[in-house]
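Visitor: I have a few questions about how words like "contact", "pocket" and "cavity" are chosen. Could you take me through them one by one?

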Amino acid sequence: MTTPDEHHPDFARRGQAAYEAATRVFNLFAPVTPAAAVTARSTEEVRAAITRARARGLGVRVHATGHACATARPMRDALLIRTEPAGDVGIDPRRRIARIPAGTRWGAVVEAAAPHGLAAPHGSSPTVGAVGYLLGGGLSMYARHTGLAANSVRAIELVTADGEQRRVDADSDPELFWALRGGGGGFGVVTAVEIALFPVTGVVTGAAFWPAAQAARLLPRWRAWTERAPREATTSVRVMNLPELPEVPAVLSAGPVLCLDGVVVAPGGDATGRARRQAGELLDPLRALADPLMDTWHEAGPLAVPETHMDPPEPVPVLGDHLLLRELGDEGVAAFLHATVDRPHSALTVAELRQLGGGLSTPAPDSGALGHLDARFAYSGAGVPGAGGTDGEILAHCAEVRRALSPWDTGRTAPTFVASLEQPQGHLDADAVLAADRVRARVDPEGLFRGDIAPGCSAASAAGSAR
Ligand SMILES: Cc1cc2nc3c(=O)[nH]c(=O)nc-3n(C[C@H](O)[C@H](O)[C@H](O)COP(=O)(O)OP(=O)(O)OC[C@H]3O[C@@H](n4cnc5c(N)ncnc54)[C@H](O)[C@@H]3O)c2cc1C
């Protein structure tokens, strides 16, 4: 039996290599500058770090990859714990369960599950961390088939403010288990999660690109298809202004393009033929309307899906915005196109509409604080400062798209899509906010983790949470 003191990793201060390593973030536009930082590679190291933060009067913050750093509150009076996986992803193929140590990125989960004919509810990027994504709901590449990824969580291991290591599930602590899944953070440092995987015999996945000038013909067709699309299909359309880079095919950086990508899943048995037909019903009419510049849709296994959306693997500076939208109809599609395509210059590298509905729209019976999304599309827009435009130009274009889409704005948000600290989370109703606060008051009465509560997720002021 070890005590936390035997394991306390030294706190690193600004300028030290260990500080730079622990504060590395994906979004270079939003560096984090905590009072001290530490990389924890085991539950013991997490406990030791919490103990020392308390002793020094620091708050505690936690991250893994920094994909969400633009939504993190300032950390100047806090210790930042960066989690590194303590071991590999464990798969129980019989129960279809994965145990994922904190710090693990989705790519590793997909690779561990695939040999068993199983898939995980990961998002568009294999380098996103599993824990942050799951705690925020998680909008998967398979989202319409699986529902929100948080609904697949079966147990969460965490260290709470008192230094206790807990394993929380629906039986052991239903309230904390509820709050952890979408309740807005601030409950402790998660050290591992267990999730349910799902069987997959194959997928049809890929991306097709057309000149953006064709978008006015193609996008209404796609929108109409979303009204009757099968749950096995989850897609996204993006207006993209791609830079000239060695990894970007020249045909895609020559001008603005429209991209349609996604996954049609064959969930088991002999469903591959059906998935092929379903993908054809979406793609063939669009291919007939206009020849794609590039078309990578193909039959594959789940290992191919993390590459479909072609998210940047390396850190980049990003400024963006997000809305959850109701049904757009043709008028909403026209408004989106007017604000993104019909203009001489775009400061947005990407303006995306992700298809919701299907399994996402049904409240799951045993879900956490966030179990479904009552919206038809998730909009996100993003620009790369210095590449597509200045900060001001990107923000102005974001505001313009927001104004154009305002008639269809639900006023809600998907936590993992919120792009900045200035845009509070809007996924919880008032009762849920109060219920999450009650759980926090129980597990963190002194507010050690209060700086980690996402704006809009607590009725109590998180002021003083410059921690
Ligand atoms: C390129 C890109 C693609 C993306 N694609 C998708 C997508 O398809 N679907 C989707 O839903 N989202 C997507 N996201 C958003 C992503 O899911 C969120 O940013 C998510 O929060 C990232 O989790 P992380 O742990 O990697 O990030 P981090 O920034 O490291 O952590 C984010 C937050 O999670 C919490 N957290 C992390 N680790 C722990 C822990 N061990 N204990 C307690 N709390 C913890 C903390 O509150 C932390 O502030 C994408 C983001 C990017 C940049």
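Guide: Gladly! Let us start with "near": a residue is near a molecule if one of its heavy atoms lies within 4 Å of it. Keep in mind that this is a predicted model.

Visitor: Which residues are the closest of those that surround the ligand?

Guide: Of the 30 residues that surround the ligand, the closest are Ala 64, Thr 65, Gly 129, Leu 139 and Thr 416. The shell divides into 14 nonpolar, 13 polar and 3 charged residues.

Visitor: What makes the pair between Gly 66 and the ligand a polar contact?

Guide: A polar contact is a pair of N or O atoms within 3.5 Å. A backbone N or O atom of Gly 66 lies 2.9 Å from an oxygen atom of the ligand, so the pair fits that definition. His 67 has a polar backbone atom 3.2 Å from a ligand oxygen, and for Val 190 a backbone N or O atom lies 2.9 Å from a nitrogen atom of the ligand.

Visitor: How much of the ligand does the protein bury?

Guide: Taken alone, the ligand exposes 950 Å², and the protein buries 87% of that. Strand 2 (59–63), helix 5 (130–135) and strand 9 (189–196) each give two or more residues to the shell. Helix 5 gives the most, with 4 residues.

Visitor: Why is the second largest pocket said to lie between domain 1 and domain 2?

Guide: Domain 1 (4–83) and domain 2 (200–417) both give residues to its lining, so this pocket lies between them. The second largest pocket has a volume of about 480 Å³. Among the 25 residues that line the pocket are Ala 70 and Glu 422, which belong to the group closest to its centre.

Visitor: What makes an empty space a cavity and not a pocket?

Guide: In a cavity a 1.4 Å probe fits but cannot get out, whereas a pocket is open. A search of the whole structure finds 2 cavities of 30 Å³ or more. The largest cavity has a volume of about 50 Å³, and strand 12 gives the most to its lining, with 3 residues.

Visitor: How do you know which class the residues lining the second largest cavity belong to?

Guide: Trp, Leu and Val count as nonpolar. The lining is made of Trp 210, Leu 218, Leu 219, Trp 222, Val 237, Leu 258, Leu 260 and Leu 286. Therefore the lining of the second largest cavity divides into 8 nonpolar, no polar and no charged residues.

Definitions and conventions:
Residues numbered from 1 in each chain as written. Predicted model: local features only at pLDDT ≥ 70, side-chain atom pairs only at ≥ 80, totals over all residues. Heavy atoms only, no water. Polar contact = N/O pair within 3.5 Å; in protein donor to acceptor, adjacent residues only side chain to side chain. Areas by Shrake-Rupley, 256 points an atom, 1.4 Å probe, with all protein chains shown as cover. 1 Å grid on protein atoms, 1.4 Å probe; cavity = no way out; pocket = protein on both sides within 12 Å on 5 of 7 lines; lining within 4 Å. Points joined across faces, edges and corners; volume = space filled by probe spheres on them. Domains from an automatic or database assignment.
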